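Reader: I would like a close look at the charged side-chain pairs here, and then a careful account of the parts that these pairs belong to or leave aside. Could you take me through them in one connected answer?

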Amino acid sequence: MERHAPYLRRCIELSLRAREKGNMPFGSLLAVDGRIVLEGENTNSSEGHPFGHSEMNVLREACQRLSPGELQRAALYTAVEPCLMCCGAMLHSGVRHLVFGCTTKALLERTQPYPFIESQRVFELLGVSVTLEWLDMEAEVLKAHEGFWNS
């Protein structure tokens, strides 16, 4: 699992970059065969629409630039567990490997209440096999969110 830590730390950096631009602090990247091929950050505020989640931005570009075979070999890394919409986009893209550093539940316990469903449950309900890995980097991830949600 420690092999995932550098990728997740990069997602945290992307989260901070999004925050500096006035967006929600979320960042993601896509790696194929262990090599980072795309990076993304949340753009909800700067682009003025609700679909600018970091995962959506990465997956949209991935579908345009990568072959189906590359998407199947890819891993989506994200600082915080993805929402239902982003899980759906992941499934439609063909990406079947997800790694995150902080659960949505842990984030929401410290920020604001919001309805959510865990990624694993989404994939189970849809009957899709996904390799899901959680590397507990909660403390590092949550630092990017400190003070953001109560401002």
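Author: Arg110 is a useful place to begin: its relative accessible area is 48%, which makes it partly exposed, since that class runs from 20% up to 50%. The model is a predicted one, and every value that follows is computed from it. The side chain of Arg110 makes a salt bridge with Glu138, with 3.0 Å between the closest N and O atoms. Because Arg110 belongs to helix H6 (residues 104-110) and Glu138 to helix H8, this pair ties together parts that stand 28 residues apart in sequence. The partner, Glu138, is likewise partly exposed, its relative accessibility being 21%, a value that can be set against the limit of under 20% that defines a buried residue.

The salt bridges of the model number 10 in total, and two others can be described in the same detail. In helix H3, Glu61 and Arg65 meet through their side chains at 2.6 Å, N to O, and because these two residues are 4 apart in that helix, about one helical turn separates them. Their surroundings can be told apart by accessibility, for Glu61 is partly exposed at 30%, whereas Arg65, at 52%, counts as exposed. In helix H7, Glu124 and Arg121 form a salt bridge whose closest N and O atoms are 3.6 Å apart, and here the spacing is 3 residues, again about one helical turn. Glu124 has a relative accessibility of 46% and is partly exposed, and Arg121, at 40%, is partly exposed as well. Beyond such pairs, there is also a network of salt bridges that links Arg10, Glu13 and Glu39.

That network leads to helix H1, which spans residues 5-20. This helix has 16 residues and reaches 23 Å from its first C-alpha to its last, close to the 22 Å that would be expected at 1.5 Å a residue. Its buried residues are Ala5, Tyr7, Leu8, Cys11, Ile12, Leu14, Ser15 and Ala18, and these pack against strands E1 (27-32), E2 (35-41), E3 (74-80) and E4 (97-102) as well as against helix H8 (138-143), the helix that also holds Glu138. After H1 comes Gly22, which has a positive phi near 90 degrees. Another positive phi, near 55 degrees, is found at Asp33, a residue other than glycine; Asp33 sits in the loop between E1 and E2 and is exposed, with a relative accessible area of 56%.

Turning from charged to nonpolar side chains, the largest nonpolar core contains 23 residues, and those with the most contacts inside it are Leu30, Leu66, Leu76, Met90, Val95, Leu98 and Phe123. At least two residues of this core are supplied by each of E1, E2, H3 (54-65), E3, H5 (84-93), E4 and H7 (119-126), with H5 giving the largest share, 5 residues. H3 and H7 therefore take part in this core and also carry the Glu61 and Arg65 pair and the Glu124 and Arg121 pair, respectively. Phe123 shows how the core is joined around one ring: apart from neighbours within four places in sequence, Phe123 is in contact with Cys87, Met90, Leu91, Leu98, Val128, Val130 and Leu132. A separate core of 20 residues lies apart from the largest one and includes Cys11, Val99, Leu135 and Leu142; of these, Cys11 is one of the buried residues of H1.

The segment after H8 deserves a last look, since His145 lies there. With a relative accessibility of 5%, His145 counts as buried, and once neighbours within four places in sequence are set aside, the residues in contact with His145 are Arg19, Pro25, Phe26, Val80 and Leu107. The side chain of His145 is also joined to that of Trp149 by a polar contact of 3.0 Å. Trp149 is partly exposed, with a relative accessible area of 22%, and its ring belongs to a cluster in which ring pairs link Phe26, Phe148 and Trp149. The model has 3 aromatic pairs in total; in one of them, Phe148 and Trp149 stand edge-to-face, 4.8 Å from centre to centre and with 80 degrees between the planes. Phe26 thus appears both among the contacts of His145 and in the ring cluster.

Conventions
Residues are numbered from 1 along each chain as its sequence is written. This is a predicted model: local features need pLDDT of at least 70, side-chain atom pairs count only at pLDDT 80 or more; totals for chains, interfaces and linings use all residues. Side-chain values use heavy atoms; hydrogens and water are left out. The expected span of a helix is 1.5 Å times one less than its number of residues. Buried means under 20% relative accessible area, exposed over 50%, partly exposed in between (1.4 Å probe, protein chains only). Contact means heavy atoms within 4.5 Å. Rings of Phe, Tyr and Trp (its six-membered ring) pair if their centres lie within 6.5 Å; planes under 30 degrees apart count as stacked, over 60 as edge-to-face and the rest as tilted. A polar contact is a pair of N or O atoms within 3.5 Å; within protein, one must be able to donate a hydrogen and the other to accept it, and residues adjacent in sequence count only if both atoms are side-chain atoms. A nonpolar core is a set of buried Ala, Val, Leu, Ile, Met, Phe, Trp, Tyr and Cys residues joined through side-chain atoms within 4.5 Å. A salt bridge is a side-chain nitrogen of Lys or Arg within 4 Å of a carboxyl oxygen of Asp or Glu.
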